[in-house]
Amino acid sequence: MTKLRIAGITHESVVDGPGLRITIFFQGCQHACPGCHNPQTWSIQGGTEYRLAELIPQLKITPLITGVTFSGGEPFLQAEAGAELGEILKTSGLGLWVYTGFTWEELLDNLQNPGYRKLLAVADVVVDGPYREDLKRNSLPFRGSANQRLILVRESLAEGKIIEWRPKQVII
C-alpha cells in the first residue's frame, strides 16, 4: 500500500508546464532555498499522507487536463511512490513534469537509488536546480530562476547530454 505525503494539489494550473495541468505539491524538502515560494512544504512531517488509491480520485482528471506536474517540496524525497503515481497517470495519456532542487548532474550521480531511476524513467521533463533569488526572472517560462533548466528526460539520457525542452512555436 504505497503512500505519499502531499502538501497540496492545484487542479488547474497553466504555470507549472504547458497546457492545463494538475500540480501535486510533495511534502518535505531539504534544499530550503532562500526566497522559496513554498516554505510550508519543507517539513517532512507536514502535509497529508495519502494512499495512492485515495489520492488519484482527488486529482479530478478531466479531458481538458493535458499533464501533471510534481512540485514541492522535493519530489525525489518520495521518488519510489512518485514514480508509481507517475506510471498510473501516464496510462491516462498525461505528460509528467517534475520540479526538483537537485541539478540534473546530481540526479545522474544518484541513479543507484532505485526510486530516482524510476521517477526519471516516467518523467517527460525535469525542471532542475535550486531556486536562486539572485537569478529570479519573471519572464522565464515555467521556472523561477535563470539557473533552472527544462530538461527532456528521455532525449537527454539517450544522447548523454542535456537536451532542453522548448515551447512549440505557433505560426499564424
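Two strands count as paired if DSSP finds at least two bridges between them. Keep that in mind as you open this predicted model, since the tour starts among its strands.

**Stop 1: strand β4 and its partners**

Select β4 (67-71). This strand is mostly covered, with five of its five residues buried. Turn on the side chains and look at their directions: Gly67, Thr69 and Ser71 point one way, while Val68 and Phe70 point the other way. Residues on both sides are buried.

Now add β2 (21-26) to the selection. β2 and β4 run parallel and are joined by five bridges. To find one of the paired positions, click on Thr23, whose bridge partner in β4 is Thr69.

Next, add β5 (95-99). How many bridges join β4 to β5? There are four, and these two strands also run parallel. Here, pick Phe70 and look across to Val98, its bridge partner in β5.

**Stop 2: strand β1**

Move on to β1 (3-13). β1 pairs with β2 in the antiparallel sense, over five bridges. Thr10 stands opposite Thr23 in β2, and Thr23 is the residue you have already seen with Thr69 as its bridge partner in β4.

β1 also pairs with β3 (residues 48-51), again in the antiparallel sense, over four bridges. Select Arg5 to see an example: its bridge partner in β3 is Glu49.

Before leaving, visit the loop between β1 and β2, where you will find Gly19. Gly19 is partly exposed, with a relative accessible area of 41%. Show what surrounds Gly19: beyond its neighbours within four places in sequence, it is in contact with Ser13, Val14 and Thr66.

**Stop 3: helix α2**

Select residues 79-90, which form helix α2. The helix has 12 residues and reaches 16 Å from its first C-alpha to its last, close to the 16 Å expected at 1.5 Å a residue. Show β4 and β5 along with it, and you have a right-handed β-α-β unit.

Which residues of α2 are buried? They are Ala79, Ala81, Gly82, Ala83, Leu85, Gly86 and Leu89. An α-helix has 3.6 residues a turn, so residues three or four places apart point the same way. The buried residues of α2 pack against several elements, including β1, β2, α1 (52-58) and α4 (114-122).

Now click on Glu80, which is also in α2. Is Glu80 buried, or is it partly exposed? It counts as partly exposed because its relative accessibility is 39%, and that class lies between the 20% and 50% cut-offs. Glu80 is in contact with Pro114, Gly115 and Lys118, leaving aside neighbours within four places in sequence. Glu80 and Pro114 are 34 residues apart in sequence, yet 7.4 Å apart in space, C-alpha to C-alpha.

**Stop 4: the nonpolar cores**

Select Leu4, Ile24, Val68, Phe70, Phe76, Leu85 and Leu119 together: of the 32 residues in the largest nonpolar core, these touch the most other members. Elements giving two or more residues to this core include β1, β4, α3 (104-109) and α4. α2 gives the most, with five residues.

Zoom in on Ile24 for a closer look. Not counting residues up to four places away in sequence, Ile24 touches Ile6, Gly8, Leu59, Val68, Thr69, Phe70, Ser71 and Leu85. Apart from this core lies another, of eight residues, among them Trp97, Tyr99, Val127 and Trp165.

Aromatic rings make a good side trip. The whole structure has six aromatic pairs, and ring pairs link Phe76, Phe102 and Tyr116 into a cluster.

**Stop 5: backbone details in the loops**

Switch to a view of the backbone and go to Gly72 and Gly73. The peptide bond from Gly72 to Gly73 is cis, with omega near 5 degrees. Gly73 is found in the loop between β4 and α2.

Next, select Ala32, in the loop between β2 and β3. Ala32 has a positive phi of about 45 degrees although it is not a glycine. This residue is partly exposed, with a relative accessible area of 35%.

Finish at Lys60, in the loop between α1 and β4. Lys60 is another residue other than glycine with a positive phi, here near 55 degrees. Lys60 counts as exposed because its relative accessible area is 55%, and exposed means over 50%.

Methods:
Residues are numbered from 1 along each chain as its sequence is written. This is a predicted model: local features need pLDDT of at least 70, side-chain atom pairs count only at pLDDT 80 or more; totals for chains, interfaces and linings use all residues. Side-chain values use heavy atoms; hydrogens and water are left out. Rings of Phe, Tyr and Trp (its six-membered ring) pair if their centres lie within 6.5 Å; planes under 30 degrees apart count as stacked, over 60 as edge-to-face and the rest as tilted. The expected span of a helix is 1.5 Å times one less than its number of residues. Buried means under 20% relative accessible area, exposed over 50%, partly exposed in between (1.4 Å probe, protein chains only). Contact means heavy atoms within 4.5 Å. A crossover is right-handed if, with the strands pointing away from the viewer, the path from the first strand over the helix to the second runs clockwise. A nonpolar core is a set of buried Ala, Val, Leu, Ile, Met, Phe, Trp, Tyr and Cys residues joined through side-chain atoms within 4.5 Å.
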